[in-house]
Amino acid sequence: MDSAILTLKEWVAQSDNIVFFGGAGVSTESGIPDFRSVDGLYNQKWKYPPETILSRSFFDKNPEEYYRFHREKLVIDGVKPNRAHLRLAELEAEGKLRAVVTQNIDGLHQAAGSKKVLELHGSILRAYCSRCRKPYPADVINYGQGVPRCGCGGVIRPDIVLYEEPLDQDILREAIDCIRKAEVLIVGGTSLNVYPAAGLINYYRGHKLALVNLSATPYDGYADLVIHEKIGQVFSQI
Ligand code: CNA
């Protein structure tokens, strides 16, 4: 076994205060493309960059185009949690992992059995009316044609944080609290480019910060351990 993975395995074995902070790279092995990898959404042909389509001003002005992208690119049928999601759920059940803090909106951590999941960017598995805030089942937005509307006339939207929108302050506070108190912080599958989420690492006070990401990140020099491998492969060994 690679010596960095062995060190991570030891940290995990010895701690009951692990926090995981992840992003889109956690779900690529489940078949969901991320944004910035070579085959990520950024490098696929689309009229606008994902960050434009997934912005509040775009959603308000072009809900039809937003929903075309949403249904074609964000909703992927038949996806299942991979070894990273499953091992994280196991570590929580074993009393070792305190929380998963995620930038993902796919619900795969919960599907794997994780209970404490702090979804910084919300979830495409929930929806609500943008005018009266009435909740709707996700099927209303994820399937079908055109722009889904509420009885009040408002556009039904996914319960995700669009670019230009603030994060939920309660979730953010809880995420900061977990990260600040963590003994081991594992950061995985995130390019650490999207703020304010990426800045959460700065709240970590310990000296067991492991970064598991295929490509280099701006925080590689800051971490105590850096592993540039597939996260599912790494988690199946720890
Ligand atoms: P990103 O900027 O696309 O970065 C993903 C990172 O993961 C890249 O640096 C890759 O090198 C790395 N990566 C890809 N596959 C693997 C793998 N198997 N193992 C290890 N590393 C891998 O995504 P971020 O999460 O950093 O950016 C934040 C955005 C992307 C958030 O707002 C998300 O909501 C959004 N997003 C989410 C999903 C999802 O919910 N699954 C999918 C696509 C985008």
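In the predicted model, Ser27 is located in the loop that connects strand E1 with helix H2 (50–53). Its relative accessibility is 1%, and Ser27 therefore counts as buried, the cut-off for this class being under 20%. Apart from neighbours within four places in sequence, the residues in contact with Ser27 are Ile32, Asn82, His85, Asn104, Asp106 and Leu108.

Two of these contacts, Asn82 and His85, lead to helix H5. Asn82 caps the N-terminal end of H5, with a side-chain oxygen placed 2.8 Å from the backbone nitrogen of Ala84. His85 is among the buried residues of this helix, which spans residues 83–93. The others that are buried in H5 are Ala84, Arg87, Leu88, Ala89, Leu91 and Glu92. In general, an α-helix has 3.6 residues a turn, so residues three or four places apart point the same way. The cover over the buried residues of H5 includes helix H1 (3–14), strand E1 (18–22) and strand E2 (97–102). Helix H6 (108–112) and helix H9 (231–235) also contribute to this cover. After H5 comes Gly95, which has a positive phi, near 80°.

Helix H4 (residues 63–74) is mostly covered, with 9 of its 12 residues buried. The buried set consists of Pro63, Glu65, Tyr66, Tyr67, Phe69, His70, Arg71, Lys73 and Leu74; it thus includes charged side chains such as Glu65, Arg71 and Lys73. These buried residues pack against three helices, namely H2, H3 (56–61) and H7 (139–142), and against the strands E4 and E6.

Strand E6, one of the elements packed against H4, comprises residues 156–160 and is likewise mostly covered, 4 of its 5 residues being buried. E6 pairs with strand E4 (residues 122–129) in the antiparallel sense, over 5 bridges. Within this pairing, Arg157 of E6 has Tyr128 opposite.

Both E4 and E6 also take part in a pocket: each supplies at least two residues of the lining of the second largest pocket. The space in this pocket amounts to about 290 Å³. Its lining is formed by 17 residues, and those nearest the centre are Asp159, Ile160, Val161, Pro166 and Asp168. By residue class, the lining of the second largest pocket contains 8 charged, 7 nonpolar and 2 polar residues.

Terms used: Residues are numbered from 1 along each chain as its sequence is written. This is a predicted model: local features need pLDDT of at least 70, side-chain atom pairs count only at pLDDT 80 or more; totals for chains, interfaces and linings use all residues. Side-chain values use heavy atoms; hydrogens and water are left out. Buried means under 20% relative accessible area, exposed over 50%, partly exposed in between (1.4 Å probe, protein chains only). Contact means heavy atoms within 4.5 Å. A polar contact is a pair of N or O atoms within 3.5 Å; within protein, one must be able to donate a hydrogen and the other to accept it, and residues adjacent in sequence count only if both atoms are side-chain atoms. Two strands pair if DSSP finds at least two bridges between them. On a 1 Å grid over the protein atoms alone, a cavity is a set of points where a 1.4 Å probe fits but cannot get out, and a pocket is an open set with protein on both sides within 12 Å along at least five of seven lines; lining residues have an atom within 4 Å of a point. Grid points are joined across faces, edges and corners, and a volume is the space filled by probe spheres set on the points.
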